[in-house]
Amino acid sequence: MSENKKTGVIGFPVDHSVSPTIHNHWIDENQIDASCYEKINVDPEQFEEEVGRLKENGTYGLNVTVPLKELAFSFAEELTDVSKQTGAVNTLTFKEGKVYGDNTDVIGFQRSLDKKTIEENITNKKCLVLGAGGAARAVISALNNLNGEVHICNRTYEKAKQIQQDIQIKSEVIDQKDLGAAIYEMGFIVNTTSLGLGNTENTMVDFSQVSSQAFVYDLIYNPKLTKFLSEAKEKNMGYQNGIKMLIEQAAESFRTWHNVLPKNSNVLMNKLEGL
Ligand code: NAP
């Protein structure tokens, strides 16, 4: 039984976050003795002071979103192997006077995938990760856990190379100008860039060169159908957006703090769709 734990999400800005809807739904559903999960803006320049103050004020757990995941990584005193591998922390826990850091985006991405997609499109198949930011690190780690053959392509080539060096898993980096020649062989294509937010175009992939057998994933969940996914839909390909990942990463943080692994449900999905 938890004792009125204070939890929330930090980011800059954090106003767009739907995490409070998810966590507060589960707090009610599971009758957890916890305060309302809150959104807290934390200026990256003041990270140590502001998060230190939250800790002193009795906060138990914090989710961390853009652009604070690397700062949270440096702030944590004890890190899980997953967060060490990705170099990013999206879940901070303050207990027994210590700061613990984890990255639940990895398990969140893994759990968001259907068994069929894993078997037919990922395991022992070529997987293309578009992007080389914080989210890409989590996705690369997850695809490697699922025995996918990881290929990385990013606007800034050096950042993709840097990830390859940092994460230390078998992977290939593709220069954007060579993507057209390589893309037909990809069984799984995942967009981890922010292209597509606010309905912007994602021009990284020419879908006329993509195999219709490939599965296309976009981490963006708002809009529900990005232009990237609508191209896959038009070609009758399998596709999914980032909403399940968002819920699954939240579920794992919730379990860390409240010892309950909550469930996704139609009620929760309807609440999120209504936002
Ligand atoms: P990030 O660290 O800022 O990385 C952004 C990435 O997007 C970089 O690879 C960057 O390339 C690329 N990019 C940005 N503008 C571009 C442009 N105009 N053309 C080509 N590439 C561009 O962000 P992040 O934390 O990885 O998040 C990325 C996305 O994933 C966001 O939309 C976020 O909301 C989403 N996300 C979703 C979930 C979920 O649960 N569904 C979880 C985490 C993140 P450069 O390196 O060249 O700058």
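Buried residues account for 44% of the 275 residues in the protein chain, as seen in a predicted model. Of the contacts between residues at least 6 apart in sequence, 62% join residues at least 24 apart. The secondary structure of the protein chain consists of 12 helices and 13 strands. The radius of gyration is 19 Å, close to the 19 Å given by the globule rule for 275 residues, so the protein chain is as compact as a globular protein of that length. The C-alpha trace spans about 55 × 40 × 30 Å along its principal axes.

The packing of two helices was examined next. Two packed helices are described by the angle between their axes and the distance between the axes. For helix α1 (residues 19–29) and helix α11 (residues 243–258), the axes come within 10 Å and cross at roughly 50°. An angle of this kind is neither under 35 degrees nor within 65 to 115 degrees, and α1 and α11 are therefore oblique to each other. Their crossing is right-handed. On the side of α1, the contact is made by Ser19, Ile22, His23 and Trp26, while α11 contributes Ile247, Ala250 and Phe254. By character, the residues of this contact comprise five nonpolar and two polar, with no charged residue.

Two cis peptide bonds are described here, each preceding a proline. One joins phenylalanine 12 and proline 13, with omega at about 0°. Proline 13 lies in the loop that runs between β1 (6–11) and α1, the helix that packs obliquely with α11. The other cis bond joins valine 66 and proline 67, again with omega of about 0°. Proline 67 is located in the loop between β3 (59–64) and α3 (69–75).

Backbone geometry also draws attention to two asparagines. Asparagine 147 has a positive phi of about 60° although it is not a glycine. This residue is found in the loop between α7 (134–145) and β8 (149–153). A residue counts as exposed if 12 or fewer other C-beta atoms lie within 10 Å of its own; asparagine 147 has 12 such atoms and is therefore exposed. Asparagine 259 likewise has a positive phi, near 60°, in a residue other than glycine. Its place is in the loop between α11 and α12 (266–273). Because asparagine 259 has 10 C-beta neighbours inside 10 Å, this residue also counts as exposed.

How values were computed. Residues numbered from 1 in each chain as written. Predicted model: local features only at pLDDT ≥ 70, side-chain atom pairs only at ≥ 80, totals over all residues. Helix = DSSP H or I, 4+ residues; strand = E, 2+ residues; numbered from the N terminus. Rg over C-alpha atoms; globule rule 2.2 N^0.38 Å. Buried ≥ 20, exposed ≤ 12 C-beta atoms within 10 Å, placed from the backbone. Contact = placed C-beta atoms within 7 Å. Axes fitted to C-alpha atoms, helices over the stretch in contact; angles between N-to-C directions. Parallel < 35°, antiparallel > 145°, perpendicular 65-115°, else oblique. Left-handed = near helix turned anticlockwise from the far one by under 90°. Nonpolar A, V, L, I, M, F, W, Y, C, P; charged D, E, K, R; others polar.
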